[in-house]
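Trainee: I have a chain to read and would like to practise. Can we go through it feature by feature?

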Amino acid sequence: MPTASHPRRVPRLHRLLALASGNWLARTYLAVFAVSFTVMLLFPESAFAGSPLLLTAPLSFLGVFLPLDPGAEVEGAADVTAVAVFAVWLLLCALVNAAVLAALATRAATATPHVADPAEQRRKDMTDPADIRPKGVRALLAPAVDNWLARGYLAVVAVALGFFLCAMFVLPDPGFAGIWPLMATAPFSILTVAVSSPVAYHSSIGWLSPLIFSIGVALSGLVNAVLLGLLARRLRAREPRPAT
């Protein structure tokens with residue numbers, strides 16, 4: 001009967017909420033975010049006021065495209081609405097990141113080693129490790145390309161990185177072109193800035209700075225895409241149906 005299976009169909013939003021609070025790693029992340037969000041509201045001028053943006057990166061940085069100004073003084077109804085929408089946006093970004101952490105932790109917990117029979121084990125031992133390594137790398141990177149969420153994110157990273165390279169090597173004034181790939185691939189891209197910035201101050205090897213930054217951004221985007229792909233797999237997974 002159609003009505004009998006309907007209650008077992010869990011909406012993806014409900015599944016996201018359940019996944020975001022499903023294990024200790026996700027709950028710890030949400031607790032840290034709640035503390036940082038409270039600090040931002042109580043002490044907006046402190047040095048830790050921007051920590052919720054870093055904790056919810058990279059999705060939180062998409063808020064720059066929203067017509068909001070949460071840093072302005074709250075006076076009228078428009079300002080109150082802007083702050084409320086910004087707070088809801090940060091909460092959604094935190095839930096997505098918590099769900100990503102939960103999906104990653106769940107995959108690590110369920111990846112139990114398979115006990116093979118002695119003949120199969122000997123065959124694996126005799127296999128050339130060079131033949132096994134590519135398969136392991138492909139399996140590790142598969143979540144970054146086997147779903148629309150991760151592929152769409154990689155497309156955004158590619159556009160941002162392409163704009164940065166064009167601004168650096170083609171346009172006469174690159175300006176702040178690096179901010180777009182930095183925001184798109186945060187938080188791991190922040191480490192890239194820490195590595196590439198000192199190189200830029202050496203005149204003899206200054207040309208290496210944009211290349212190091214580009215490689216770091218590409219790797220950071222790939223890591224984020226894998227994490228988003230793991231989340232997409234968890235949201236796409238069907239609930240087990242009880243035997244009838």
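Trainee: How far apart do the end C-alpha atoms of residues 80–105 lie, and what is the helix content of the span?

Mentor: Helices (H or I, at least four residues) and strands (E, at least two) are DSSP runs, numbered from the N terminus. For residues 80–105, the end C-alpha atoms are 37 Å apart, with 100% helix and 0% strand. This is a predicted model: local features need pLDDT of at least 70, side-chain atom pairs count only at pLDDT 80 or more, and totals for chains, interfaces and linings use all residues. Residues are numbered from 1 along each chain as its sequence is written, and side-chain values use heavy atoms, leaving out hydrogens and water.

Trainee: Which residues does UniProt list for "transmembrane region"?

Mentor: UniProt positions follow the numbering used here, feature names are shortened, and annotations may be inferred rather than shown by experiment. The unreviewed UniProt entry lists 24–43, 49–68, 80–105, 148–171, 178–201 and 207–231. In the model, residues 207–231 are 96% helix and 0% strand, and their end C-alpha atoms lie 37 Å apart.

Trainee: How many helices and strands does the protein chain have?

Mentor: The protein chain has 11 helices and zero strands.

Trainee: Which elements have the lowest and highest mean pLDDT?

Mentor: pLDDT is the predictor's confidence in each residue, from 0 to 100. Helix α1 (residues 2–5) has the lowest mean, 48, and helix α8 (residues 148–169) the highest, 91. For the protein chain the mean is 75, and 70% of residues reach 70 or more.

Trainee: Where does pLDDT stay under 50?

Mentor: Where pLDDT is low, the predicted coordinates should not be read in detail. One such stretch is residues 1–9, with three contacts (heavy atoms within 4.5 Å) beyond four places in sequence. Another is residues 112–116, with one contact beyond four places.

Trainee: Which residues form a nonpolar patch on the surface?

Mentor: A patch takes residues with over 30% relative accessible area and no salt bridge (a side-chain nitrogen of Lys or Arg within 4 Å of a carboxyl oxygen of Asp or Glu). Like charges are joined within 9 Å, nonpolar side chains (Val, Leu, Ile, Met, Phe, Trp, Tyr) within 5 Å. Areas come from the Shrake-Rupley method with a 1.4 Å probe; for residues, only the protein chains shown count as cover. Here L165, M168, F169, V170, L171, W207 and L211 form the patch, with about 670 Å² accessible together. Helix α8 gives the largest share, three residues.

Trainee: Why does L171 count as partly exposed?

Mentor: Buried means under 20% relative accessible area, exposed over 50%, partly exposed in between (1.4 Å probe, protein chains only). L171 counts as partly exposed because its relative accessibility is 40%. L171 sits in the loop between α8 and α9 (179–184).
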